[in-house]
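Please load the model in a viewer and keep the sequence at hand. The tour below proceeds by selection, one element at a time.

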Amino acid sequence: MSAVSDRSTASTGTASGASYAAAGVDIEAGDRAVELMKEWVKKTQRPEVLGGLGGFAGLFDASALKRYERPLLASATDGVGTKVDLARQLGVYDTIGHDLVAMVMDDIVVCGAEPLFMTDYICVGKVHPERVAAIVKGIAEGCVLAGCALVGGETAEHPGLLGPDDFDVAGAGTGVVEADRLLGPDRIRKGDAVIAMAASGLHSNGYSLVRHVLFDRANLSLDQHVEDFGRTLGEELLEPTKIYSLDCLALTHTTQVHAFSHITGGGLAANLARVVPDGLHAIVDRETWTPAPVFDLVGRTGDVERLELEKTLNMGVGMIAIVPEESADVALATLADRGVDAWVAGEITERGEHATGAALIGDYAV
């Protein structure tokens, strides 16, 4: 996996003639990167994975799906966005992969699917083998946390289009769910509990706003210590996205779950709207949690209205589980046993009903 593009067409050229190397593509560096990442990719292997690195395609033994009555494959693809630029500035490359896996696999688990495997795509201006290997290390670690295999990928070197230190990452994943266990809006009922799972920080959305506010407007620096964080601003902003895949699957095994919602771009309201059926509302009480200080910093520094913050950032909630009211205690106990900070943040009501003392996060979206 993750070999430099067009390896078969590369040549050393001549002293006077053009060559791939002269154009800026370093095949040897790409091969070195592959060697460095092999040990990390091995850690993600599942029994269904066939072959090793270097093939044209990753292989996954689909006969494992025979145990399903009617297996539905779920797929997703995503990237990390402008958060990668902060990683570049800080020279920290082994966490951004966690963000990538979370963005892909936590979308897949929303329908109740078990993550199976994913592939990555790393685009760089110049291949720095240790840097590429560090990115893949983070992806591999994320795959372990999500319970999936990393079966393939690609590293593309784009000299002339990207600067020598510039890079971007993307990934695609596949999962499987039994058809009669598919989660979604049709399962949600009036009275269901809305359980929030705490975010680890900003996760991987809204960084265009964050960067504009903190750096373009306030001229803050990544290396400055922030008392409220107990660490530097850069360390806070690079905090990896929490991966909830196995936590969500554990919930489906211990209690009845009607739906999940991965809180990414669009914030809590817009993402809840994607799973709440017509005729129902999700009522979320803002008083049930306090967003981490980083959200307050962005709001205060940029004079960003609360509504804009809620439409852009996760505001401290990374995943939502919607369960029957009588299952809420079991769900919370399951998450607590797994070390996940979670709480009942609201309920599902009919449209027009307003829970006393609650804030209707759906006024503008749900």
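Which residues of helix α9 (residues 293-302) are buried? Select the helix in this predicted model: V294, F295, L297, V298, G299 and G302 are the buried positions of α9. Next, display the surroundings of these residues; the elements that cover them include α5, α6 (233-237) and α10 (306-312). Then step past the end of the helix to D303, which follows α9 and has a positive phi near 50 degrees.

**From α9 to α5 and α2**

Select α5 (residues 207-217), one of the elements covering α9, together with helix α2 (residues 83-90). The axes of α2 and α5 come within 9 Å and cross at roughly 50 degrees; the two helices are therefore oblique to each other. To inspect the contact, show the side chains of K83, D85 and L86 in α2, which meet Y207, R211 and F215 in α5. Classified by residue type, this contact comprises 3 nonpolar and 3 charged residues, with no polar ones.

**The open sheet**

Now select the strands β11, β13, β8, β14 and β12, in that order. These 5 strands form an open sheet with antiparallel pairing. At its edges are β11 (259-262) and β12, each of which pairs on one side only. Moving from one strand to the next, the twist averages 25 degrees.

**Strand β12 at the edge**

Is strand β12 (residues 280-284) enclosed or open to the outside? Of its 5 residues, 5 are buried, so β12 is largely enclosed by the rest of the structure. In a regular strand, side chains alternate between the two faces of the sheet. Colour the two faces of β12 separately: L280, A282 and V284 lie on one side, H281 and I283 on the other, and both faces are covered.

Add strand β14 (residues 342-350) to the selection; β12 pairs with β14 in the antiparallel sense over 5 bridges. Two positions help to follow the register: L280 stands opposite E350, and A282 stands opposite I348.

**The helix across the sheet**

Finally, select helix α11 (residues 328-337). What does α11 lie across? Show β8 (193-198), β13 (317-323) and β14, since α11 lies across these strands. With β8 as the reference, α11 runs at about 10 degrees to that strand.

Note on methods
Residues are numbered from 1 along each chain as its sequence is written. This is a predicted model: local features need pLDDT of at least 70, side-chain atom pairs count only at pLDDT 80 or more; totals for chains, interfaces and linings use all residues. Side-chain values use heavy atoms; hydrogens and water are left out. Axes are lines fitted to C-alpha atoms, for helices over the stretch in contact, and angles run from 0 to 180 degrees between N-to-C directions. Helices (H or I, at least four residues) and strands (E, at least two) are DSSP runs, numbered from the N terminus. Angles under 35 degrees count as roughly parallel, over 145 as roughly antiparallel, 65 to 115 as roughly perpendicular and the rest as oblique. Contact means heavy atoms within 4.5 Å. Ala, Val, Leu, Ile, Met, Phe, Trp, Tyr, Cys and Pro count as nonpolar, Asp, Glu, Lys and Arg as charged, and the others, Gly among them, as polar. Buried means under 20% relative accessible area, exposed over 50%, partly exposed in between (1.4 Å probe, protein chains only). Two strands pair if DSSP finds at least two bridges between them.
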